[in-house]
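Visitor: I am new to reading protein models, and I would like to take a close look at a single part of this one. Could you guide me slowly through one helix and its surroundings?

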Amino acid sequence: MTDDELADVTLLDTPVELRARSQQHSDELLREMTLIALQIREGDGNALPVRLTELVTEVQLTYGRFSAQTDVELDNAAARGDKVAPTIVYRVPRTVGPFARHLIEVLEETDEFCREGSYLLALAAPPDIRAFRLWALTEFERQIAGEAPM
């Protein structure tokens with residue numbers, strides 16, 4: 001990719017422990033959604049578990065390599081016991097901005113699906129994890145659109 005196709009997204013004062021809890025919650029939820037998606041009959045590609053698992057696969061394939069080094073930095077901060085990572089910079093494709101909005105919408109729908117409680121053991125994201133997730137994804141959306149980090 002050329003430099004014109006990439007943009008820096010800076011996350012300021014990232015709470016390290018909250019980020020780890022958010023990742024753990026996402027991993028647990030994805031495991032359950034994957035099992036449900038496997039049980040859904042073929043042709044029901046509109047079902048939320050199918051859409052979520054496909055979206056996560058797309059995130060990993062399309063953007064995973066752009067976050068790998070930054071994820072290592074955050075993991076190292078957690079291992080050191082840092083409370084906050086003052087400045088984290090992601091160099092990502094500009095397409096991540098609109099994609100972040102789509103991801104927010106699907107995650108909000110997923111939280112509602114969890115609140116209904118019909119199929120999952122996993123709970124909807126607690127308020128602090130939901131707020132963290134929304135902040136981080138919105139920062140990608142905002143900064144790709146040219147706004148300053150908040």
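Guide: What follows is a walk around helix α4, its partners and the pocket that it helps to line. Please keep in mind that this is a predicted model.

Helix α4 covers residues 127–144, and it packs against helix α3, residues 96–116, at an angle of about 160 degrees, with the two axes 7 Å apart. Since an angle over 145 degrees counts as roughly antiparallel, α3 and α4 are therefore roughly antiparallel to each other. The crossing in which α3 passes α4 is left-handed. On the α3 side the contact is made by V96, G97, A100, R101, L103, I104, L107, E108 and D111, and these meet R130, R133, L134, L137, T138, F140, E141 and I144 on the α4 side. Sorted by class, the residues of this contact between α3 and α4 are nine nonpolar, two polar and six charged.

Helix α4 also packs against helix α1, residues 16–39, and here the angle is about 100 degrees, while the axes lie 10 Å apart. Angles of 65 to 115 degrees count as roughly perpendicular, and α1 and α4 are therefore roughly perpendicular to each other. In this contact L18, R19, R21, S22 and H25 of α1 meet D128, I129 and F132 of α4. Three of the residues in the contact of α1 with α4 are nonpolar, two are polar and three are charged.

From α1 we can follow the chain of contacts to α2, because the axes of α1 and α2 come within 12 Å and cross at roughly 155 degrees, which makes these two helices roughly antiparallel to each other. The crossing of α1 and α2, too, is left-handed.

With these helices in mind, we can turn to the largest pocket, which holds about 1000 Å³ of space. There are 33 residues lining the largest pocket, and the closest to its centre are Q23, S26, V59, L103 and L137. Two of these have a part in the helix contact described earlier, for L103 belongs to the α3 side and L137 to the α4 side. At least two lining residues come from each of β1, α1, α2, β2, α3 and α4, and the largest share, 11 residues, is supplied by α2. By class, the lining of the largest pocket consists of 20 nonpolar, eight polar and five charged residues.

How values were computed: Residues numbered from 1 in each chain as written. Predicted model: local features only at pLDDT ≥ 70, side-chain atom pairs only at ≥ 80, totals over all residues. Heavy atoms only, no water. Axes fitted to C-alpha atoms, helices over the stretch in contact; angles between N-to-C directions. Helix = DSSP H or I, 4+ residues; strand = E, 2+ residues; numbered from the N terminus. Parallel < 35°, antiparallel > 145°, perpendicular 65-115°, else oblique. Left-handed = near helix turned anticlockwise from the far one by under 90°. Contact = heavy atoms within 4.5 Å. Nonpolar A, V, L, I, M, F, W, Y, C, P; charged D, E, K, R; others polar. 1 Å grid on protein atoms, 1.4 Å probe; cavity = no way out; pocket = protein on both sides within 12 Å on 5 of 7 lines; lining within 4 Å. Points joined across faces, edges and corners; volume = space filled by probe spheres on them.
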